[in-house]
Amino acid sequence: MHFSPPAYLDPGSGSFLIQILIAALLGIGVAVRASWGRIKKLLGKGQADEPTDDDADANQ
Amino acid sequence: MTMPTPTSDSLGASFRDPGGFLFSRGGTLYRQVNRACADDYSRLMESGLYGKLVKAGLLVAHAEADVPPADASLAHKIIQPERVPFISYPYEWSFSQWKDAALATLSIQKRALKAGMSLKDASAYNIQFVRGKPILIDTLSFEIYREGKPWDAYRQFCQHFLAPLALMARVDIRLGQLLRVHIDGIPLDLASRLLPFRTRLDFGLLAHIHLHASAQTRYADADVKRTGASASRRGMSKNAFIGLVGSLEVAVKKLAWKPAGTEWGNYYAITNYSDSAFAHKKEIISGWLKKIAPASVWDLGANNGEFSRLASASGIPTIAWDIDPSAVEQNYLRVKAEKEQNLLPLALDLTNPSPALGWANAERDSLGQRGPAEAVFALALIHHLAISNNVPLPRLADFFAGLCRWLVIEWVPKSDSQVQKLLRSRKDIFDGYTREGFESAFGARFHVREAVDVDQSDRRMYLLERKN
């Protein structure tokens, strides 16, 4: 896997490591939701796709 | 990597990122894009991300400019960003402004990830309020996303957004002021110590503040390049990255603050203003605004912006400053609800205004450096400064003369019940606080262009123009 050193911000050793741990945990949730979406799609149920953020304005 | 050579006209806050920097020339603001981030810039423009973000009102628009670079040895391109009318700082924002700035940052990051990019920084100072909404002003904050690489700006996001919002919501609204001391955001160990124990029951705050702070202490001396490389060999997948950003978003959204018992909350109900006096005061100000047609107005001590709106509603870019976080919050919520474009509510303690801060005191400008405004309103304000804060009238006149050309000021005499209230618990040492004293002090710095007694009140309104 390609890894390049941090850019101009120092991400901080502890921040870097805890982030990977927390994100790994949260990533499982994202993967499960994505697969569940695909299964439902295969079965012809539910929405065709995940709702997209592009038009939802979080900036409100 | 080479750092950009500072040029005589490069901006004081723009030196950290080797990707480029801001400079001004002939009164126009430009951003130099360095070759170091040429690929990142091209991807931003060509992937459609730039267009989408500008359309969504989340990123400042720019045009490529055909002007000589400020530092030719590094330059890739020069761009001219749309000018932001006023630069405000997070320690001047109300809770909801800060929260909306955080959510705008995360929304940008989510859109960037979809376009194969990522934010390389998440600084609250990169967000500004333009036409009532938060917008990213740093075009060079984007880098090409590489699968496996964690988010370099994670710590910065937690320090600049999550920690202050959590402290304001869960401990005390005034803790947002900590950013005036900790310019790069609130240290997470400090946030963790100040937050009540029960915040550990909230997954977002537990993970992103408490555990994050512990990890920082524990691994303070770890070699991030080595540990990071071994950790990223296992990889931080894109799903993990998306999960992290989503979790930060949930944590921010859950934080709420309701302005309780505002200092001026029902101010207009308790002043000794009758409805007709109030209407007369508005009429006087509106008339003067038509006459002087200022290009900008700062309303100092604006409360919830009642009088500021006389200016902003007629299209004048107006800033409504007040010391009370609740008043600023209510004002911002109204700006948002009514989609007002010309009014920016901000928090400020006039007895100790925002100073110049940061490296060489040149990264954040003081209040005065961000002025002058063409017109300043000082309505029902003078007694708070002259009596509560003991500022002599001539010094007040000097202060206002440094901030504006036109001053719309309300004289509040000692006989006024609001002044009597301030004097109730202290000795009256303010012999000079008289109308004659006021006119003489302000007359030294300003011409009196008009003066009108407010109907059914002891107060008097003055339209003053600064002497050159």
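**Exercise 1. Helix 4 of chain B**

How many of the 17 residues of helix 4 of chain B are buried? Find the kink in this helix too.

*Solution.* This is a predicted model.
- Step 1. Take the span of helix 4 of chain B: residues 154–170.
- Step 2. Count the buried residues, using the cut-off of under 20% relative accessible area. The count is 15 of the 17 residues, so helix 4 of chain B is largely enclosed by the rest of the structure.
- Step 3. Follow the axis. A kink of about 30° lies at Leu162(B).
- Step 4. Look just past the kink. The proline Pro164(B) comes shortly after Leu162(B).

**Exercise 2. The hairpin of strands 6 and 7**

Describe how strand 6 of chain B pairs with strand 7 of chain B. Then decide how the two faces of strand 6 of chain B are placed: covered or open?

*Solution.*
- Step 1. Set the limits. Strand 6 of chain B spans residues 127–130, and strand 7 of chain B spans residues 133–136.
- Step 2. Determine the sense. The two strands pair antiparallel, over four bridges.
- Step 3. Pick one bridge. Ile127(B) has Leu136(B) as its partner in strand 7 of chain B.
- Step 4. Inspect the turn. Two residues sit between the strands, and Arg131(B) takes a positive phi near 50°.
- Step 5. Sort the side chains of strand 6 of chain B. Ile127(B) and Phe129(B) lie on one side, Gln128(B) and Val130(B) on the other. All four are buried, and both faces are covered.

**Exercise 3. Two cavities**

How many cavities of 30 Å³ or more does a search of the whole structure find? Which residues line them?

*Solution.*
- Step 1. Search the whole structure. Two cavities of 30 Å³ or more turn up.
- Step 2. Take the largest cavity. Its volume is about 50 Å³.
- Step 3. List its lining. Among the residues are Thr105(B), Ile108(B), Leu119(B), Asp121(B) and Asn126(B). Ile127(B) and Leu136(B) also line the largest cavity; they are the bridge partners from the hairpin.
- Step 4. Classify this lining: five nonpolar, four polar and one charged.
- Step 5. Turn to the second largest cavity, which holds about 40 Å³. Its lining includes Ser118(B), Glu143(B), Arg146(B), Lys149(B), Pro150(B), Trp151(B) and Phe241(B).
- Step 6. Classify again: five nonpolar, one polar and three charged.

**Exercise 4. Strand 11 of chain B**

Which strand is joined to strand 11 of chain B by five bridges? State how many residues of strand 11 of chain B are buried.

*Solution.*
- Step 1. Find the partner. Strand 10 of chain B (residues 318–322) runs parallel to strand 11 of chain B, with five bridges between them.
- Step 2. Match a pair. Ile319(B) stands opposite Leu344(B).
- Step 3. Count cover in residues 343–347. Five of the five residues are buried.
- Step 4. Split by direction. Leu343(B), Pro345(B) and Ala347(B) point one way, Leu344(B) and Leu346(B) the other.

**Exercise 5. Two helix residues and chain A**

Place Leu244(B) and Ala397(B) in their helices, then summarise chain A.

*Solution.*
- Step 1. Leu244(B) lies in helix 8 of chain B, residues 238–254. Leu244(B) is buried, with a relative accessible area of 0%.
- Step 2. Gauge a distance. The C-alpha atoms of Leu244(B) and Pro150(B) are separated by 9.9 Å, across 94 residues of chain.
- Step 3. Ala397(B) belongs to helix 14 of chain B, residues 393–401. Ala397(B) is buried, with a relative accessible area of 0%.
- Step 4. The C-alpha atoms of Ala397(B) and Thr434(B), 37 residues apart along the chain, are 14 Å apart.
- Step 5. Chain A has one helix and zero strands. Of its 60 residues, 33% count as buried. Chain A exposes about 3800 Å², with carbon and sulfur atoms supplying 61% of it.

Notes: Residues numbered from 1 in each chain as written. Chains lettered and ligands numbered in written order. Predicted model: local features only at pLDDT ≥ 70, side-chain atom pairs only at ≥ 80, totals over all residues. Heavy atoms only, no water. 1 Å grid on protein atoms, 1.4 Å probe; cavity = no way out; pocket = protein on both sides within 12 Å on 5 of 7 lines; lining within 4 Å. Points joined across faces, edges and corners; volume = space filled by probe spheres on them. Nonpolar A, V, L, I, M, F, W, Y, C, P; charged D, E, K, R; others polar. Bend = angle between axes of the 7 residues up to and from the residue. Buried < 20%, exposed > 50% of the residue type's maximum accessible area, 1.4 Å probe, protein only. Areas by Shrake-Rupley, 256 points an atom, 1.4 Å probe, with all protein chains shown as cover. Pairing = 2+ DSSP bridges.
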